[in-house]
Amino acid sequence: MHTLIDADGRPYRTPVPGRFGGHRRTKIYGRLDCPSALRALTRGHYHPHRVFFADEDTAIGAGYRPCASCMKERYAVWKAAERGGR
């Protein structure tokens, strides 16, 4: 069983693994093969706060933003929207 986060930010158990990973404290989500996240995992800083999502819409619904490293286009769109809202 895998523990994923739903759109309300609550964990739930499922037999299906997540398609996206994230970091609970920084509220970032990205691909499971993200080079930045993998580097942080090897240093031991990331693992205690790692979360998983079934899909990208769920990550966004839970209040997470795209990773600037592995999701450059999505991050640029998010960043532009953030600037436009200020």
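Author: A salt bridge is a side-chain nitrogen of Lys or Arg within 4 Å of a carboxyl oxygen of Asp or Glu. The model discussed here is predicted: local features need pLDDT (the predictor's confidence in each residue, from 0 to 100) of at least 70, side-chain atom pairs count only at pLDDT 80 or more, and totals for chains, interfaces and linings use all residues. Residues are numbered from 1 along each chain as its sequence is written, and side-chain values use heavy atoms, with hydrogens and water left out.

Reader: In which element of the protein is confidence highest?

Author: The protein has an average pLDDT of 94, and 98% of its residues score at least 70. Among its elements (DSSP runs numbered from the N terminus, a helix being H or I over at least four residues and a strand E over at least two), helix H1, residues 35-43, has the lowest confidence, at a mean of 91. The highest, at 98, belongs to residues 65-66, that is, strand S6.

Reader: How many residues apart in sequence are the parts tied together by Arg74 and Glu56?

Author: The side chains of Arg74 and Glu56 meet in a salt bridge with an N to O distance of 2.8 Å. Arg74 belongs to helix H3 (residues 72-84) and Glu56 to helix H2, so the parts that this pair ties together are separated in sequence by 18 residues.

Reader: Is Glu56 buried or exposed?

Author: Three classes apply: buried (under 20% relative accessible area), exposed (over 50%) and partly exposed (in between), with a 1.4 Å probe and protein chains only. Arg74 has 48% relative accessibility and therefore counts as partly exposed. Glu56 has 12%, so this residue counts as buried.

Reader: How many salt bridges does a search of the whole structure find?

Author: One of them joins Asp33 to Arg31, with the closest N and O atoms 2.7 Å apart; Asp33, at 46% relative accessibility, counts as partly exposed, as does Arg31 at 35%. Another joins Asp6 to Arg10, whose closest N and O atoms are 3.5 Å apart. Asp6, Asp8 and Arg10 are linked in a network of such bridges. For the whole structure, the search finds a total of 4.

Reader: Which side chain of opposite charge is nearest to Arg50?

Author: Arg50 is found in strand S5, residues 50-53. For charge, Lys and Arg count as positive and Asp and Glu as negative, while His and the chain ends are not counted. Arg50 is buried yet has no salt bridge. At a distance of 8.4 Å, the nearest side chain of opposite charge is that of Asp33.

Reader: What is the angle between the planes of Phe20 and Tyr29?

Author: A search of the whole structure finds 3 aromatic pairs, meaning rings of Phe, Tyr and Trp (its six-membered ring) with centres within 6.5 Å; planes under 30 degrees apart count as stacked, over 60 as edge-to-face and the rest as tilted. Phe20 and Tyr29 form an edge-to-face pair, 6.0 Å from centre to centre, and the angle between their planes is 80°.

Reader: How many residues apart in sequence are the parts that Phe53 and Tyr64 tie together?

Author: Phe53 and Tyr64 form an edge-to-face pair, with 4.9 Å centre to centre and 70° between the planes. Phe53 lies in strand S5 and Tyr64 in the loop between helix H2 (56-61) and S6, so the parts tied together by this pair are separated in sequence by 11 residues.
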